[in-house]
Amino acid sequence: MSVGFVMLAHTALDRAASVARHWATHDCPVVIHVDRRVKRDQVQKFRAGLADLENVRFCRRYRCEWGTWSIAQAAIAGVQTALTEFPEINHVYLASGACLPLRPVEELRAYLAERPRTDFIESVTTEDVPWTIGGLDHERFTLRFPFSWKRHRKLFDRYVALQRRLKVRRRIPDGLEPHLGSQWWCLTRRTLETILNDPDRDIYERYFSRVWIPDESYFQTLVRKHSGQIESRSLTLSKFDFQGKPHIFYDDHLQLLRRSDCFVARKIWPRADRLYDAFLAPDAGIKNRAEPNPGKIDRLFSKAVDRRTRGRAGLYMQSRFPNEGWENGRTCSRYSVFEGFAELFVNFETWLGKTLGTRVHGHLYHPDRVEFAGGETVYNGALCDSAPLRDYNPRAFLTNLIWATRGERQCFQFGPRDRQDISWFIAGDPNAQISVITGAWAVPLFHSRQSFVDLRKRAAHLQRVEQGHLDILRSPHTRARVRIWSMADFVQNPMEPLQTIIDEIAPRTQRRLSEAPTMVNLDGFGQFLQNLKNQGMQPYLMGDFPVGADPLPPTRAPHKPYLVK
């Protein structure tokens, strides 16, 4: 019982020569196809390096291009040469110049001897294929693809769209049911000879010459017609990422490759000296009778794909950005946003910092500068207080701040005077806890000495801005934890909502607030609002502040906050 190899090589010919020599010196015939695009002097050097081996042949060369019939032509040429030149072989193993044997040749030969009539080829119907990329599964068999996907992408896409619009459908040859699978297979001589001697071979080849990526469907389809016993799996370890590109194995994958128990692996980095030295070393005999099982390492590949596509929560990376919606969490940890509290209470940031035992920022999105805790100009992660730098990418600024301070709860102030570009981002972030006292922005205006005409215009503008922000917070797309109080309701009993906020931020501390922070003087605030009304503005976000009434009437029951989410 013998097995022969057909190798498709187009680059790193020195490595391909090492692998071919390894197989040939272990009594496995090798037929090599070299891409016609490879320069003649390189091919001559390649052939000269293997000239001393009697069981190495070179077949007719084709100019190969991914996704086209040329690759299937190269495989057919190699198979024909192998079957003609080496009548003793019973199985033909298709490999590439980037493949590397993982187990001794004796193990492969013994494995195939126990299964002399079995064809090892991944072959599934288009309905059962979960890995096709680009939406062309069954259509690759019913449309024509005369243009190269890589060299003429626009023509490729336009011609596909035209055929769809015209409802073009190619007729699949009688007796064939299209199948797909890995390009790398190991088939018996009997099956290959039956495929090559099929009287309808010209019809099949003419049909598959206009199929997209025929090297993954030609043998996979015809083997269903001519084989008597199929194992729908490949003996070659070949993994692909979420974009359909093959994973490349490097030196640090040595133990991973050994764990797979596969006979051959693809695709190996040409400079992975450690891998080539380890697996091409002289065999010490049969060491492993395990069944090839690439599924043993699938978990690691799944984790790699998950890390590449989703990344770590709150950390943006090349494979995620700028793909909208690919983030694995907009930020990496929880944070709190306070709106209106710093305007209603004296030294609220200091009080909150002492209560929680953490640093509390001011208005991070203040138009003039970033108000870091303690008046810092540079914060964790080398973030500076420059407003222009922050406004260049407001989302990245917050994301980086939360990432650089992970392990410490971040709290900051926000309001209608701040830059509003960040509103949708924090509203859609499940890590955000947003507490809002509506209308509190009017307190600084109340204590200012501006002319009332200017105050009215300023108040009208701030009310419009805050209303737009509240609309965002009340949106069904909001994912943040949002609590909203009107100012009039909040001042009736500030202890209850403050205790609720503290318990949500630090639930394990079980701190009962003995006293609230000092509230600013609101005497005359109701009259101030009435004056705004008299000037033609309707200040509705503050709630009901009766003119001349005590701002803290003791008889009113505490108002429960409006819980958005």
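**Exercise 1. Find which residue of β18 is the bridge partner of Phe338, and describe the surroundings of strand β13.**

Step 1. In β18, Phe338 has Ser435 as its bridge partner. Helices (H or I, at least four residues) and strands (E, at least two) are DSSP runs, numbered from the N terminus. This is a predicted model, in which local features need pLDDT of at least 70, side-chain atom pairs count only at pLDDT 80 or more, and totals for chains, interfaces and linings use all residues. Residues are numbered from 1 along each chain as its sequence is written, and side-chain values use heavy atoms, with hydrogens and water left out.

Step 2. β13 and β18 pair in the parallel sense over five bridges. Two strands pair if DSSP finds at least two bridges between them.

Step 3. β13 also pairs with strand β17 (residues 410-413), in the parallel sense and over four bridges. There the bridge partner of Phe338 is Gln413.

Step 4. Five of the five residues of β13 are buried, so the strand is largely enclosed by the rest of the structure. Buried means under 20% relative accessible area, exposed over 50%, and partly exposed in between (1.4 Å probe, protein chains only).

Step 5. In a regular strand the side chains alternate between the two faces of the sheet. In β13, Tyr335, Val337 and Glu339 point one way, Ser336 and Phe338 point the other way, and all are buried.

**Exercise 2. State which residues of helix α21 are buried and what they pack against.**

Step 1. Helix α21 covers residues 495-505, and its buried residues are Pro497, Leu498, Gln499, Ile501, Ile502 and Ile505.

Step 2. These buried residues pack against several elements, among them β13 (335-339), β18 (432-438) and α20 (487-492).

Step 3. An α-helix has 3.6 residues a turn, so residues three or four places apart point the same way.

**Exercise 3. Describe the cover and the partners of strand β4.**

Step 1. Strand β4 (residues 91-96) is mostly covered, with six of its six residues buried.

Step 2. His91, Tyr93 and Ala95 lie on one side of β4 and Val92, Leu94 and Ser96 on the other; all are buried, and both faces are covered.

Step 3. Strand β1 (residues 3-9) pairs with β4 in the parallel sense over six bridges. Gly4 has Val92 in β4 as its bridge partner.

Step 4. Strand β9 (residues 186-188) runs antiparallel to β4 and is joined to it by three bridges. Here Val92 has Leu187 as its bridge partner.

**Exercise 4. Give the strand order of the open sheet that contains β12, and find its edges.**

Step 1. Three strands form this open sheet, in the order β5-β12-β11, with mixed pairing.

Step 2. β5 (100-101) and β11 (236-238) are at the edges, each with a single partner strand, so one side of each is left without a neighbour in the sheet.

Step 3. β5 and strand β12 (residues 264-266) run antiparallel and are joined by two bridges. Pro101 stands opposite Val264 in β12.

**Exercise 5. Decide whether Ser423 and Glu205 are buried or exposed, and list what each touches.**

Step 1. Ser423 is in helix α17 (residues 423-427). Its relative accessibility is 3%, so Ser423 counts as buried.

Step 2. Not counting residues up to four places away in sequence, Ser423 touches Phe414, His469 and Ile472. Contact means heavy atoms within 4.5 Å.

Step 3. The side chains of Ser423 and His469 make a polar contact (3.1 Å). A polar contact is a pair of N or O atoms within 3.5 Å; within protein, one must be able to donate a hydrogen and the other to accept it, and residues adjacent in sequence count only if both atoms are side-chain atoms.

Step 4. Glu205 is found in helix α8 (residues 201-208). Glu205 is buried, with a relative accessible area of 17%.

Step 5. Glu205 touches Trp69, Ile76 and Tyr218, not counting residues up to four places away in sequence. Glu205 and Trp69 are 136 residues apart in sequence and 8.8 Å apart in space, C-alpha to C-alpha.

**Exercise 6. Describe the chain as a whole.**

Step 1. The chain has 22 helices and 20 strands.

Step 2. Of its 565 residues, 51% are buried.

Step 3. Its C-alpha trace spans about 110 × 60 × 45 Å along the principal axes.
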